[in-house]
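Visitor: I am new to this structure and would love a close look at a single part. Could you walk me through the place where protein and DNA come together?

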There are 2 protein chains.
Amino acid sequence: MGRKQTKSGKIRLTEVAKLAGVSPITASRFFRNPEALSLSKRERVDSAVKELGYVPNLAARALASHRTEVIGVVIPSLTNNVFADVLRGIYDSSEGSRYTIQLANTRYSILQEEKLLRLFRAQKPAGLIVTGINQTAESRTILESMNCPVTQIMEIGDSPVDMMVGFSHYDAASAAISHILEQGRRRIGFLGARMDPRVQRRFEGYRDAMKAASLFDPNLIVTTSVPTTITLGGTLFADLLAQTPDIDAVFCVNDDLALGVLFECQRRQISIPGDLAIVGFNDLEFTAAAVPSITSVRTNRYEMGRHAITMVIDAIEGRRPQTPVLDLGFQLVVRESSMRQSTVMAGSVGID
Amino acid sequence: MGRKQTKSGKIRLTEVAKLAGVSPITASRFFRNPEALSLSKRERVDSAVKELGYVPNLAARALASHRTEVIGVVIPSLTNNVFADVLRGIYDSSEGSRYTIQLANTRYSILQEEKLLRLFRAQKPAGLIVTGINQTAESRTILESMNCPVTQIMEIGDSPVDMMVGFSHYDAASAAISHILEQGRRRIGFLGARMDPRVQRRFEGYRDAMKAASLFDPNLIVTTSVPTTITLGGTLFADLLAQTPDIDAVFCVNDDLALGVLFECQRRQISIPGDLAIVGFNDLEFTAAAVPSITSVRTNRYEMGRHAITMVIDAIEGRRPQTPVLDLGFQLVVRESSMRQSTVMAGSVGID
DNA sequence: CAATCCGATGGTAGCGCTGTCAATAATTGT
DNA sequence: ACAATTATTGACAGCGCTACCATCGGATTG
């Protein structure tokens, strides 16, 4: 296969058709709609393609057909592990399909997002995956006018542009807080960084859960718009401790912050969970490995990517999902860092 | 800008040319080679483009010109932080250029890589970035026949396909071992997972450094082909400890393993660096935040991405680099986890 | 001042494929 | 058995752009 290609480098559909003894258009149909061909022609074209090592010219195809086989994916970050997992799901499930993923990074800027969507519109993608539900009005207009399937990922909400796959950050945070409250903690701090829309909603979940328990106190909250790092977790925790020394738990909007808090506690000889419960968010790998292991909220990121791309491809090909909004939920994974004080055996915490 | 576009959606170069009062080909030149136009025409076309909100049809351009503005990037993993950083560099530096990044994931399989390169060849990319120097013979042939700039990243070696940006994993590992030896350690274990070619070269650096010191001992080595996780670091370390209880240091081929070792030591009450020195690789963020902080080898991943894409774009546009191989080096970042026993003040290690 | 050159511009002819619709062959119903 | 229908197939035109070469002033030269 592919032998003759290197020889001349000029295998067009016409050549394939000639070898197969059919018209070019029939050969073309072999790729786009093979069922429309009779079995004999299909086989003839198939072997001609293989024999010549024919590779379609995508540019010509796009020009003639007025569509591309590109699916755009707009995410806010390339380095955030959360999106890496989603992307892996997207790429894994797009392989084997005819579609190509075109990645674009907004760096958490909705203006940048708008710009990228404008670029995508120019390319007439076959489908689009965008992160979140907080687009600018203009972005939304672009998305709606794009005339291709669009899936919003990472969260769910009313009024999807088209389809959605995600979960409720609000509920997830609420669940985490409920759990902490159940463990008998009362002064639950909130640590937040890079307060993007999804983190905002986690905050709201925290806030309402605390208010419902009549335990809300602004002094329990420390946030920053700075991007998350592990080190920052330690810093923010130090601030929180200075501001409100009597905290007995911390809810971190992500696991990196939580790990930073854990390390800071080790430095300060604060026993976890004896003195303080820690709960993170996302359930990254290290939460299970840490000593003590860290309670976190598992979000189904890989599956989110898989579903998102599958929904888009299905929609492109006319198979629209029954329900446009898919809630993948979350799971609270309870680990040592948030166990009830009495539950923890002496010796299971810290280096001890 | 872009007003009329939404109205009819049919702004072609011809329309722009008409409005500007020039021929279509002149308008075309405005994009590809603006210097060739007289100032007056250039301005006329420019304002016509803006007025009409003209957006070039990339498919038509590619079909007519026999080239694309796609730069392919082939990496082995999407979730590995190392590549996330490289990618960020690539994307950051490609923005603002006319080129589009096309990402492909080999999942550490050189056969998959070969397949992907074949796909890329069909697309006639403007340039290509591939990971490492261990391509199959067929892949190499494809790369060489591709007739576009190619940059190999992550490591350097003799006989680049075209250009290279990276560093010597062998030297980096050697430097790490030298450092550990200088700290007075003698029984230095080696922990390796996902033994990809670059990890292999780190192993060789370790092996030769140990042999040079007459300290090489196969019992010091534990490796697996399983992908790296933090948890795995703990497991491998447990194996190593069972196999060779008298180790006084561990060199881990990456930081995740190192963190896993650290956690495992916390569990087993092994004091770091008192009982054991730990050295990781890559200098991920958590190495500095951990307690104790973990010595690691910093690799300039973001810069690698930036340089790689810049070199490719420059080469596409005829500005070939003076030297095709760029060594970005590495820096050993010494932290608490590998300090000489006597150097460490009591109390600076572990939770204590 | 003719011969030459050069920079700026335009005309022509596709790039390789597919949409549309017509034409033909195979199948069915009554 | 013959019209009506349905599966297959093909002819034609053109998607929007650029490569290639021709053209045409005007500047340069001897």
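Guide: Gladly! A residue counts as near a strand if one of its heavy atoms lies within 4 Å of it. In this predicted model, local features need pLDDT of at least 70 and side-chain atom pairs count only at pLDDT 80 or more, while totals for chains, interfaces and linings use all residues. Residues are numbered from 1 along each chain as its sequence is written, chains are lettered from A and ligands numbered from 1 in the order in which they are written, and side-chain values use heavy atoms, with hydrogens and water left out.

Around DNA strand C there are 25 residues, the closest being Leu13(A), Ser28(A), Arg32(A), Tyr54(A) and Thr26(B). By type, the residues of this surface are twelve nonpolar (Ala, Val, Leu, Ile, Met, Phe, Trp, Tyr, Cys and Pro), seven polar (the others, Gly among them) and six charged (Asp, Glu, Lys and Arg).

Helices here are DSSP runs of H or I with at least four residues, numbered from the N terminus. Helices H3 (24-32) and H5 (58-65) of chain A, and H3 (24-32) and H5 (58-65) of chain B, each supply at least two residues to the surface near DNA strand C. H5(A) gives the most, with four residues.

Now for the strand itself: of its atoms within 4 Å of the protein, 73% belong to sugar or phosphate and the rest to bases. Polar contacts are pairs of N or O atoms within 3.5 Å. Ser28(A) has a polar side-chain atom 2.4 Å from a phosphate oxygen of DNA strand C. For Arg32(A), a side-chain N or O atom is 2.4 Å from a phosphate oxygen of the strand. At Ala60(A), a polar backbone atom lies 3.5 Å from a base nitrogen of DNA strand C.

Conventions
A polar contact is a pair of N or O atoms within 3.5 Å; within protein, one must be able to donate a hydrogen and the other to accept it, and residues adjacent in sequence count only if both atoms are side-chain atoms.
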